[in-house]
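Student: Please take me closely through a single part of this model, starting from one position and following its surroundings outward. I would like one connected account, with the distances and accessibilities given as you go.

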Amino acid sequence: MAQTATTGNLENAQRIIISSARYTEEHNAPALALIEKFTLPKGAKQVTVPKVGQMSMSDLVDGQDIIDEEEIGMTTVDLTASEVGAKVILTDKLVRQSAPNVFTIIGRQLGDGMARKKDTDVIALYPNLNSGASSSIISADNAEWTTAIVHNAIAYAKEFKFGTQLYILHHPNAVAALSQAAATTADTAAGALHAWSVDLLQNFYSNLRPINGVAIFEDGNIEKISGTDSAYGVIADKSAMASLSSVDTRTERQRDASLRATEIVMTSDYGVFELDDTRGAPFRAEIGTLSTMS
């Protein structure tokens with residue numbers, strides 16, 4: 001009697017894959033975990049986020065009317081979402097003969113792929129923050145990170161009022177150069193990430209004691225600018241960028257009898273945007289491979 005993959009086997013395989021994929025995705029996108037998050041309401045096509053300007057107070061004279069009128073200065077940003085996804089084909093034979101850890105591996109691969117996609121989408125926003133003009137002010141090509149450069153970047157961010165929840169994110173090689181060049185001391189993730197999610201970010205915290213209260217994170221998904229050994233990281237407030245989630249990771253299953261297999265399709269519907277680009281700036285630094293021989 002021919003053996004076929006039972007519904008139970010397929011359901012168990014799918015459950016393992018999805019569970020592993022979701023966990024891996026959620027815990028492997030540090031750039032995404034450092035920005036604001038919005039959810040698209042059911043039936044809506046976009047989320048409109050307002051932004052207002054500053055108002056000024058005037059000195060008053062007793063008995064005289066207030067003359068100055070302040071403008072709200074409201075602008076808005078429209079956030080929309082689009083789909084990304086991938087497909088995995090589970091043959092009947094694979095389901096019959098594979099141990100559960102095979103499905104865990106498949107789930108981890110899918111989760112890594114989704115996390116990398118969302119993370120690199122956020123990283124792609126960095127060069128255009130502050131209209132891209134700040135990169136030449138706070139950093140440059142061929143500049144390795146030093147304590148002075150990082151201090152100056154933080155001072156720049158505070159001078160131009162980026163916000164109160166500042167962070168820095170860059171490639172591990174840039175962070176390593178900073179650690180070697182400076183008399184920095186290690187700090188525990190739990191102590192330094194009081195303003196952030198320890199669960200999602202502890203693996204990406206640099207373990208360098210925050211400089212002027214600004215935590216430094218590292219992200220291996222940052223890539224070199226073409227033709228150079230440098231790359232854009234970021235110094236920003238959490239409110240500089242945002243993600244919009246319409247549908248979290250979703251799965252559908254379709255049987256293909258002639259293929260003797262089942263397709264598992266995983267999709268996510270989301271978008272990432274500049275929310276207030278005056279609250280962040282690209283932070284350029286060298287990220288070339290460091291010598292392991294000295």
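**From one strand to the pocket and cores**

Tutor: Ala86 has its place in strand S4, which covers residues 82-91. The model is a predicted one, and every value below should be read with that in mind. With a relative accessible area of 37%, Ala86 is partly exposed. Its position also brings together distant stretches of the chain, since Ala86 and Ser268 are 182 residues apart in sequence while their C-alpha atoms are 9.5 Å apart in space.

A second long-range contact involves a pair of charged side chains: Asp92 and Arg255 meet in a salt bridge, with 2.6 Å from N to O. Because Asp92 belongs to helix H3 (residues 92-97) and Arg255 to strand S8 (residues 241-256), this pair ties together parts that lie 163 residues apart in sequence. The two partners differ in their surroundings, for Asp92 is buried at a relative accessible area of 6%, whereas Arg255 is partly exposed at 44%.

Strand S8 also matters for the description of the largest pocket, because S8 supplies 7 residues, the largest share of the lining. This pocket holds about 510 Å³ of space, and 21 residues line it, with Glu25, Leu32, Lys118, Ser245 and Asp248 lying nearest its centre. The elements that contribute two or more residues to that lining are helices H1 (7-26) and H2 (30-33) together with strands S1 (36-39), S8 and S9 (261-274). Sorted by class, the lining consists of 8 nonpolar, 6 polar and 7 charged residues.

Lys118, one of the residues nearest the centre of the pocket, leads on to helix H4, where Lys118 is listed among the buried residues. Helix H4 runs over residues 100-123, and its 24 residues reach 34 Å from the first C-alpha to the last, close to the 34 Å expected at 1.5 Å a residue. Its buried residues also include Phe103, Ile106, Gly107, Leu110, Gly111 and Met114. An α-helix has 3.6 residues a turn, so residues three or four places apart point the same way. Lys117 and Asp121, both in H4, are 4 residues apart, about one turn of the helix, and they form a salt bridge whose closest N and O atoms are 3.4 Å apart. Lys117 is partly exposed, with a relative accessible area of 37%.

These two pairs belong to a total of 8 salt bridges in the structure. Another joins the side chains of Asp229 and Lys224, at 2.8 Å from N to O; here Asp229 counts as partly exposed at 38% relative accessibility, and Lys224 likewise counts as partly exposed at 41%. Asp237, Asp276 and Arg279, in turn, are linked in a network of salt bridges.

The nonpolar interior completes the account. The largest nonpolar core has 52 residues, of which Trp145, Tyr167, Ile235 and Met241 touch the most other members, and helix H6 (residues 147-159) gives the largest share of this core, 5 residues. A second, separate core of 13 residues includes Ile18, Leu90, Val95 and Ile106. Ile106 is also one of the buried residues of H4, which returns the description to the helix that contains the Lys117 and Asp121 pair.

Technical notes:
Residues are numbered from 1 along each chain as its sequence is written. This is a predicted model: local features need pLDDT of at least 70, side-chain atom pairs count only at pLDDT 80 or more; totals for chains, interfaces and linings use all residues. Side-chain values use heavy atoms; hydrogens and water are left out. The expected span of a helix is 1.5 Å times one less than its number of residues. Buried means under 20% relative accessible area, exposed over 50%, partly exposed in between (1.4 Å probe, protein chains only). A salt bridge is a side-chain nitrogen of Lys or Arg within 4 Å of a carboxyl oxygen of Asp or Glu. On a 1 Å grid over the protein atoms alone, a cavity is a set of points where a 1.4 Å probe fits but cannot get out, and a pocket is an open set with protein on both sides within 12 Å along at least five of seven lines; lining residues have an atom within 4 Å of a point. Grid points are joined across faces, edges and corners, and a volume is the space filled by probe spheres set on the points. Ala, Val, Leu, Ile, Met, Phe, Trp, Tyr, Cys and Pro count as nonpolar, Asp, Glu, Lys and Arg as charged, and the others, Gly among them, as polar. A nonpolar core is a set of buried Ala, Val, Leu, Ile, Met, Phe, Trp, Tyr and Cys residues joined through side-chain atoms within 4.5 Å.
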